[in-house]
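Open the model in your viewer and keep the sequence panel beside it. We will go from one selection to the next, and at each stop I will tell you what is there.

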Amino acid sequence: MLKLVFQFLKNPENNPDENTDFRYRFISFIKLLFWGLLIGIGIVVFNSIWEVTGILGPNEHALSSAMDDYTTPMLFLLIVIVAPLFEELFFRGPLAFFKETKTFKIVLYVSILLFGAVHITNFEITPMALLLSPFLVAPQLVLGTFAGYIRVKFGLIWSIALHACHNFILFLPLALFKLLELPIE
């Protein structure tokens, strides 16, 4: 699956996958979800070096304050439903309008980069956060890449579902911490 995504990234074209078998698409979806989470979590673990070394202060992520400001059901609604729906409509929805390969390639890359860039707002905007932004938003760049791939190959509903499932899986431990009133650090 990763090989297919890398091949797509090297020379992206707006060509949907002709195999419409649900089982095939679902298995591909699960593989993309797995790899996206694995790579994203790996990047987050790597990024913890910024806090451990004191380069970036602890709790400079917007999620820390959101956990205090919102109820768990409201966080679920925002993180698992609203964000994936609106972000996919905004960042991946327009891909359908670009058929010419050169233009599509540019639009795809820009959509991935903008998706990542928007997520720097998850952090307290400091000069250090801006300097580290390529590292800090790398998990979103991975998700944006996988969502762009599945959007082109299977359709917008699949990219919304991938994004929502990704966020849901990452939301579960946060909801558990909030439920047990454990600090998130």
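Helices here are DSSP runs of H or I with at least four residues, numbered from the N terminus. With that in hand, select H166: this residue sits in helix α9. Bear in mind throughout that you are looking at a predicted model.

**Stop 1: H166 and its surroundings**

Is H166 buried or exposed? H166 counts as buried because its relative accessibility is 10%, and the cut-off for buried is under 20%. Now show its contacts: leaving aside residues up to four places away in sequence, H166 touches L33, G36, L37 and L143. For a sense of scale, draw a distance from H166 to F177: they are 11 residues apart along the chain, and their C-alpha atoms are separated by 18 Å.

**Stop 2: the whole of α9**

Extend the selection to residues 156-179, which make up α9. The helix has 24 residues and reaches 33 Å from its first C-alpha to its last, close to the 34 Å expected. Where does α9 bend? Look at F171, where the bend is about 30°; a proline, P173, follows within four residues. Just past the helix, click on E181, which follows α9 and has a positive phi, near 55°.

Next, colour the buried residues of α9, among them W158, I160, L162, H163, F171 and L174. These buried residues pack against α2 (22-52), α3 (62-69), α4 (72-91), α5 (101-118) and α8 (138-154).

For a contrast, pick A161, also in α9. A161 counts as partly exposed because its relative accessibility is 27%. Measure across from A161 to I81: the two are 80 residues apart in sequence, yet 9.4 Å apart in space, C-alpha to C-alpha.

**Stop 3: α4**

Move on to α4. At 1.5 Å a residue, its 20 residues should span 28 Å, and the end C-alpha atoms are 26 Å apart, which agrees. This helix bends by about 35° at V82, with a proline, P84, following within four residues. Colour L75, I79, V80, P84, E87, E88 and F91, which are buried. The buried residues of α4 pack against α3, α5, α8 and α9.

**Stop 4: a salt bridge**

Stay with E88 and add R92. E88 forms a salt bridge with R92, with the closest N and O atoms 2.7 Å apart. Both partners, E88 and R92, are buried. How many salt bridges does the count give? The count comes to 1.

**Stop 5: the nonpolar core**

Select L32, I150 and L162: these have the most contacts inside the largest nonpolar core, which has 21 residues. The elements giving two or more residues to this core are α1 (2-10), α2, α5, α8 and α9. Of these, α8 gives the most, with 8 residues. Zoom in on L32 and you will find that it touches M1, V5, F146, Y149, I150 and L162, not counting residues up to four places away in sequence.

**Last stop: confidence**

Finally, colour the chain by pLDDT. The chain averages 91, and 96% of the residues score at least 70. Among the elements, α8 has the highest mean pLDDT (97) and α3 the lowest (74). Where pLDDT is low, the predicted coordinates should not be read in detail.

Key. Residues numbered from 1 in each chain as written. Predicted model: local features only at pLDDT ≥ 70, side-chain atom pairs only at ≥ 80, totals over all residues. Heavy atoms only, no water. Expected span 1.5 Å × (residues − 1). Bend = angle between axes of the 7 residues up to and from the residue. Buried < 20%, exposed > 50% of the residue type's maximum accessible area, 1.4 Å probe, protein only. Contact = heavy atoms within 4.5 Å. pLDDT = per-residue confidence, 0-100. Salt bridge = Lys/Arg side-chain N within 4 Å of Asp/Glu carboxyl O. Core = buried A, V, L, I, M, F, W, Y, C linked by side-chain atoms within 4.5 Å.
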